Amino acid sequence: MENKTFYHEILTDHNLHPAHKHDLHDADYVLEGVNPNCGDDIWLKVKINDGRIEQASFLGDGCAISQASADMMLDLVIGKTKEDALRMTDLFLRMIQGETTESELEELEEASVLQNVSHMPARVKCAVLGWHTLKEILENE
Ligand code: ZN
């Protein structure tokens, strides 16, 4: 019960006060991620300098899970190297498949509240949208 409340609080907070939902005019990479099943549509903007994610943001619309997940992702990866950020995306995607250990979950910080989504198949695509989009940018960089 406590966990469930915590989950909703974090989701609500990231939807009402997203830290990274804004435009980024000098982005090096801009990529759209779409989840037609739910109507989630985000634009991810990333600025990479010297192998590091110097700045990143997202724009767009979608359900609470897709928006909160993208915002939490950017909390985690801004300032990290491309390699570290890719490791985080892999961790997150494995968590959604229910394949992470406790210590790996800790590394995901707030984003680990979305582990519940592994039991909600209909919401999986919402949760992974931002992470898949980031992964695509970083792997093709
Ligand atoms: Zn959604």
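Visitor: Why are H2 and H5 described as oblique to each other?
Guide: In this predicted model, helix H2 (residues 64–77) and H5 pack at an angle of about 40°. Angles under 35 degrees count as roughly parallel, over 145 as roughly antiparallel and 65 to 115 as roughly perpendicular, with the rest taken as oblique. The angle of about 40° falls in that last class, and H2 and H5 are therefore oblique to each other. Their axes lie 7 Å apart, and the crossing is right-handed.

Visitor: Which residues of H2 and H5 meet?
Guide: On the H2 side they are Ile65, Ser66, Ser69, Met73, Leu76 and Val77, and on the H5 side Cys126, Ala127, Gly130, Trp131 and Leu134. This contact of H2 with H5 comprises eight nonpolar residues, three polar and no charged. Gly counts as polar under the classification used, so Gly130 of H5 belongs with the polar residues.

Visitor: What makes H3 roughly antiparallel to H5?
Guide: The axes of helix H3 (residues 82–96) and helix H5 (residues 124–139) cross at roughly 155° and come within 10 Å. Since an angle over 145 degrees counts as roughly antiparallel, H3 is roughly antiparallel to H5. H3 passes H5 in a left-handed crossing.

Visitor: Which residues make the contact of H3 with H5?
Guide: H3 contributes Lys82, Ala85, Leu86, Met88, Thr89, Asp90, Phe92, Leu93 and Ile96, while H5 contributes Val124, Ala127, Val128, Trp131, His132, Leu134, Lys135, Leu138 and Glu139. By class, 12 of the residues in the contact of H3 with H5 are nonpolar, two polar and four charged.

Visitor: How do you know that S1 and S3 are at the edges of the sheet?
Guide: The order of the open sheet is S1-S2-S3, with antiparallel pairing among its three strands. Strand S1 (29–35) and strand S3 (52–61) each have a single partner strand, so one side of each has no neighbour in the sheet. From one strand to the next, the twist averages 20°.

Visitor: What makes S2 a partner of S1 and of S3?
Guide: Two strands pair if at least two bridges are found between them. Seven bridges join S1 to S2, and nine join strand S2 (residues 40–49) to S3, so both pairs satisfy that requirement of at least two. Both S1 with S2 and S2 with S3 run antiparallel. As examples, Val30 has Lys45 in S2 as its bridge partner, and Asp41 stands opposite Asp61 in S3. In the hairpin of S1 and S2, four residues lie between the strands, and Gly39 takes a positive phi near 90°.

Visitor: What does Gly60 touch?
Guide: Gly60 has its place in strand S3. Residues up to four places away in sequence being left out, Gly60 touches Lys21, Asp41, Ile42 and Gln67. Gly60 and Asp41 are 19 residues apart along the chain, with their C-alpha atoms separated by 5.6 Å.

Visitor: Where does H5 lie with regard to the strands?
Guide: H5 lies across S1, S2 and S3, and runs at about 35° to S2. In the chain as a whole there are five helices and three strands, and from the N terminus on the elements run α-β-β-β-α-α-α-α.

Visitor: How do you know that the radius of gyration of the chain agrees with a compact globule?
Guide: For 141 residues, a compact globule would have a radius of gyration near 14 Å, and the chain has 14 Å, so the two agree. The C-alpha trace spans about 45 × 30 × 25 Å along its principal axes.

Methods. Residues numbered from 1 in each chain as written. Predicted model: local features only at pLDDT ≥ 70, side-chain atom pairs only at ≥ 80, totals over all residues. Heavy atoms only, no water. Axes fitted to C-alpha atoms, helices over the stretch in contact; angles between N-to-C directions. Helix = DSSP H or I, 4+ residues; strand = E, 2+ residues; numbered from the N terminus. Left-handed = near helix turned anticlockwise from the far one by under 90°. Contact = heavy atoms within 4.5 Å. Rg over C-alpha atoms; globule rule 2.2 N^0.38 Å.
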